[in-house]
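Grab a coffee and open the viewer: here are a few exercises to work through, each followed by a solution in steps. Try each one on your own before reading on.

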Amino acid sequence: MFLNHIYLLPLFPAFGAAIMFFFGRRLQKATVSAVCVGVIVLAFLFACFTVVEYTHFAHGTGRPFEKIVYTWLGSGDGHLNFTRRDGTLAAVNADAGFLLDPLSSIWLLFVTGVGMLIHIYSTGYMAHEGGYYRFFGYMNLFMFSMLTLILANNYILLFVGWEGVGLCSYLLIGFYFHRNSASTAANKAFIINRIGDAGFILGALTLVWYLGSFRFIDINALARSGQFAIGDPVLTAAALLLFVGACGKSAQVPLYVWLPDAMEGPTPVSALIHAATMVTAGVYMVARSNAVFVLAPTAMKTVAIVGAITAVFAASIGLVQNDIKRVLAYSTVSQLGYMFLALGVGAFAAGVFHVFTHAFFKALLFLGSGSVIHAMSGEQDMRHMGDLRRRIPTTHWTMLIATLAIAGIFPFAGFFSKDEILWQTWASEGGAYRILWFVGYGTALMTAFYMFRLMYLTFYSPSRMSHEVEHHVHESPKSMTVPLVILALCSIGAGWLSWPHSLGGSARFEKFLEPVFAREAVVLVEEGKSGQLAAGEKEAEHTDKTEYALMFLSLAAAAVGWGMARRSYNHAGKDYAEPIAVKAPPLYTVLYNKWFVDEGYDYIFTGRRKIGDIRLGAMGAGEAASWFDAKVIDGVVNDVGWVTRAVATLSTWWDKWIIDGVGVNGPAILARMISYPARLFEWGLVQWYALVMIAGLLGFGMYYVWK
Amino acid sequence: MQSHILSIILFTPLIGALFLLFVPKENKDAIRWIANIFALGGFLISLPLVPMFWAQRFEPGFKFLEGTANNWIPSIGAGYNLGIDGISFLLIMLTTLLGWISILSSWTAIETRVKEYYVWFLVLQTGMLGVFMALDFFLFFVFWEAMLVPMYLLIGIWGGPRKLYAAIKFFLYTLLGSVLMLLGILYLYFHHHAVTGVFTFSIPELYKTAPLIPFNIAIWLFVAFFIGFAIKVPMFPFHTWLPDAHVEAPTAGSVILAGVLLKMGTYGFVRFSLPFFPGVVSHPRVQSWVIGLSLVGIIYGALVSLMQKDMKKLVAYSSVSHLGFCTLGIFALNSAGLTGSVLQQINHGISTGALFLIVGILYERRHTREIAEYGGISTVMPVYATITMIMFLSSMGLPLLNGFVGEFTILQGAFTANWRWAAWAAPGVVLAAAYLLWLYQRVFFGTVTNPKNEKLHDLTPREILTFAPLIIMALWIGLYPKPFFQILEQPVNQIVQTIHDNSNPNAPVNAQIQPTSFIPSPSTAAPGVGALKASN
């Protein structure tokens, strides 16, 4: 009964958002909280019941449940057609249809669960802020979009959620819209996401053109049917284009630049949207399209390499940042890189598992940092913190747990997921993957370092607070600490869901997901090894011994990172020195300035900065186009007008002086000139006529007389 | 028995105009009330058309026919002959809706020569409706030209500082196009006589003979029509009259200009260029040229928009970009592209119409459209800011609002025709977000820095009323576009079928996918038996 009404899930938060849109302004804060948190709690409960019912429905087979509500795009009767690549006709069709399978179940649970906790937390965090109803309205709208994204049964409805979460992210980053930096960051996020979206749409169009349907079930079935060879160029292109979309949404190199700036939004937003849920949408989408990606080894390699690069690149920036939220932002980018690394080596389940555990500990870290900021009266710079562990103990303990989890310390959640990813990378065929493993391993060390750096600077080192701030430090209210505690418990226990075989567990999480990533059909093996790799067959080298060794190495890396951070920052006084700044100042400058990527983009792509007098990028092109429009195109139009007028003036002159002057008036003047003498005889004086007549008569008379 | 509903819809605004002539011009409020009553009446009267049309949406051919061929001036074969199909139906509904909205929006904006203003506006309304209803080329041309004059006067009298320049530019530019079109019409007329021995301007009759014109002549006729319509759309590089006309026109004039007048060009492509010259439009070189211009228009319009300092000019250039999508869809020559294009024409009418209203509201309060004059408006006018955001999102094609449905369907059509076209159009979507969001940031976000903006009052109920129907339509098309797809299905498939039957008979259905493989000589492009079969 829940399963059949699965479409209600996104509608709960949509209802909350609608109430806020129409009546929010007039409601009390308490009412706003009741409505907006209430609908999310309802959604969470509904989601739990739905997933329970689904597990009964699926009976461990993992068969997907699909519910189509109505035909959204298309005429519904299939008469509106487009031509597929092979020349056959297929209907233009995208349904408002919902799909539940193990993959979406997992997302559904943690999105509603974490979302609920963050909503509760926000009632405390935002209590003294203006625009309370607006905040919660956007948050509910976000939940609506996210649930649509997760539950969609086709690419186009997924895109609805995909753009919807982007919009809410935009609105929430720009929540403090009177701050110019906030609205700029919001624009940046939306526009960069749009670049990804363009890729996504083209990818989806490629798929429908090739395979004839937008539905995940159809596409996956076709891709697995064995009709398509591994390395099929069209599918490769489709996969790469979809991955462009994922890069935008999930902040991968080179489109990651919006995420750190997105920290302009209120902290609960960073926790919900820019850490736990929205930014994992790219991972979700790639995992959802796994059947297509597996047929495109090039795309898989690209995903893995981009993921690894992003992981290490973002981590390197995170090493030296001073804003507590920025460290976490780069950490998020880096962890997302891990997830893509996992997907790229074919370890889909491991990637999803890392999404799952990351959602808890990263949300916790952000909420904890929010609690710190709250306690510090808005201060975000870690250089002005220190010695907070006794003043805000709950925040301290919960954040410590999250840090242990993200650093990959046994038995916290991050250990299991990160270890699984590194192990799967190592176990992949081909020596090149060892490089990726090494990158991932190095990143793990850096992660431990910057996270413990954050902990030491914030909680342990001697206080560097101003007196004013120190006086006001206080632990956050229950509405904020209770979610922290719950998330902390999850950050410990979430990893146990996939206790690996090698440690005597049963990897239940992966087993649950197995049907989604299963390959029933024989995949055409044309490229040998890459085919096997793509199909995720890594049996050959799987020995417990190597796995133990790798686990030990990971733990060692975490310990080393921890130790280095402790040595450098445990006693950081008021003018402590960054170890990197001391040992390698140029490197520090580069890292501190984020490798100057933003500046480079501004010079080359946006055109906000000029190189000398030359402006490149979109704004440069815009200026050039405006100039061309005004001078050339409109110039030609105006010139045509000018020429017409000139010709008209000329013909007026011609008409006046030549045609009328020479041709018409000329003869007239001539006639007048000729007639002038004649006029002497006839100038209208009657007496003169009489005189002439008389003279004539006299003349005639004389003539006759003379004669 | 003939139904006269089309005539009734067509002449209601004209009757209103005549009625207004008898009201003394000092009575401004009475004039406003009467004009608004007739405008609203014109919209309400068109509503019964919706269920009537819906009942026969899948039936082939034109519906609600009125008059017979040649009944008006039999000696030359001109007839008062009306009829609509799904495409014109949607455009007519858009016209009556926008006509009402723009007249409603003029209440406080127009203070001089009130009577003349409303009279001309109502006359304009009839002219536009006539263009979409006429099934006779003579009648069509009468309406087509009749529409120009009121628009010329609206810009020239009630416009901004450079109104004369803009009005004359608009008039002459458009007139140039229509003269070429007239030549084309006359050729078709005499050609019909040469083939059948009958002189007629009846469009359904000409549908039967026009595709028989050999390619080497048809291409010139196509060019004549093309220039006429391309100016009207306007396609790159015929677009420069548009920003001037928009900037100078009064708000309501801009709404109608963008919302309806531009659609005459795209309507002309769909109604005439495609079915009259199927052999020409499906010629790969012609098709790629037109598509090329559309793609340039999409990106170029967006880039120029990005750098505008005047809000209205920004919106005007965004129209060039959006209309590029419409022509792209049309000349993709498949049902997805065409359907998306017509839908996008409606969407553009709704979104861009609303955008001009939005600019007009600020202009009415501050008498400037300079972006730099504003900032922080969302603090002083929150309702206005919200509505603006919704319409911006609709314009940039956010899913669940109308723009996405049209844009996506067009992209799908373009992609199936040639994936490169879709790939080139895609940056337009990104740039649309860029110029609109940047505009929004500069006008609405931040703090109020200009003291003149501190006391702006938020929307009045009348102003909200002007936006309400547009927002409802935007949501409807975004959430449940199926009825629109169904209405367009029959006429669009008919056109696609005509093109298919009349292009190279040996070509596969998807000939347009690989243009290089298909270059017909003029003789093969001339249609064979298929032409008459398809045009029934």
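Before we start, a word on labels: helices here are DSSP runs of H or I with at least four residues, strands are runs of E with at least two, and both are numbered from the N terminus. Also keep in mind that this is a predicted model.

**Exercise 1. Work out how the overall dimensions of chain A compare with those of a compact globule of 707 residues.**

Step 1: take the reference value. For a compact globule of 707 residues, expect a radius of gyration near 27 Å.

Step 2: set chain A against that. Its radius of gyration comes out at 38 Å.

Step 3: check the extents. The C-alpha trace of chain A spans about 165 × 70 × 55 Å along its principal axes.

Step 4: look at what's inside. Chain A has 28 helices and four strands, and 54% of its 707 residues are buried. Of its contacts with a separation of 6 or more, 80% pair residues 24 or more positions apart.

**Exercise 2. Decide where the coordinates of chain A deserve caution, using pLDDT.**

Step 1: start with the average. Mean pLDDT for chain A is 89, with 96% of residues at 70 or more.

Step 2: find the weak stretch. In chain A, residues 520-541 have pLDDT below 50, yet the model gives this stretch 44 contacts beyond near neighbours in sequence.

Step 3: apply the usual rule. Where pLDDT is low, don't read predicted coordinates in detail.

**Exercise 3. Describe helix α6 of chain A: what is its length, and is it largely enclosed or not?**

Step 1: get the span. Helix α6(A) covers residues 180-211, which is 32 residues, and runs 46 Å from first C-alpha to last, close to the 46 Å expected at 1.5 Å a residue.

Step 2: count neighbours, with 20 or more other C-beta atoms within 10 Å as the cut-off for buried. By that count 29 of the 32 residues of α6(A) are buried, so the helix is largely enclosed by the rest of the structure.

Step 3: see what comes next. A:Gly212 follows α6(A), and its phi is positive, near 85°.

**Exercise 4. Track down unusual backbone geometry in the loops, starting with cis peptide bonds.**

Step 1: in chain A, the bond between A:Val253 and A:Pro254 is cis, with omega about 5°. A:Pro254 sits in the loop between α8 (233-249) and α9 (258-261).

Step 2: in chain B, B:Val233 and B:Pro234 are joined by a cis bond with omega about -10°. B:Pro234 belongs to the loop between α9 (215-232) and α10 (241-248) of chain B.

Step 3: now hunt for positive phi outside glycine. A:Ser377 has a phi of about 55°, and A:Asp387 has one of about 60°. A:Ser377 is in the loop between α15 (348-375) and α16 (393-407) of chain A, and A:Asp387 is in the loop between α15 and α16 too.

Step 4: check exposure. A:Ser377 counts as partly exposed because it has 14 C-beta neighbours inside 10 Å; with 16, A:Asp387 counts as partly exposed as well.

**Exercise 5. Characterise the side of chain B that touches chain A.**

Step 1: size it up. The contact involves 48 residues of chain B and 43 of chain A.

Step 2: name the contributors. Helices supplying at least two residues each include α13 (284-306), α15 (335-366) and α21 (482-502) of chain B. The largest share, 12 residues, comes from α19(B).

Step 3: sort by chemistry. The chain B side divides into 30 nonpolar, 16 polar and two charged residues.

Key:
Residues are numbered from 1 along each chain as its sequence is written. Chains are lettered from A and ligands numbered from 1 in the order in which they are written. This is a predicted model: local features need pLDDT of at least 70, side-chain atom pairs count only at pLDDT 80 or more; totals for chains, interfaces and linings use all residues. The expected span of a helix is 1.5 Å times one less than its number of residues. A residue is buried if 20 or more other C-beta atoms lie within 10 Å of its own, exposed if 12 or fewer, and partly exposed in between; C-beta atoms are placed from the backbone. pLDDT is the predictor's confidence in each residue, from 0 to 100. Two residues are in contact if their C-beta atoms, placed from the backbone, lie within 7 Å. Ala, Val, Leu, Ile, Met, Phe, Trp, Tyr, Cys and Pro count as nonpolar, Asp, Glu, Lys and Arg as charged, and the others, Gly among them, as polar. The radius of gyration is taken over C-alpha atoms; the globule rule is 2.2 Å times the number of residues to the power 0.38.
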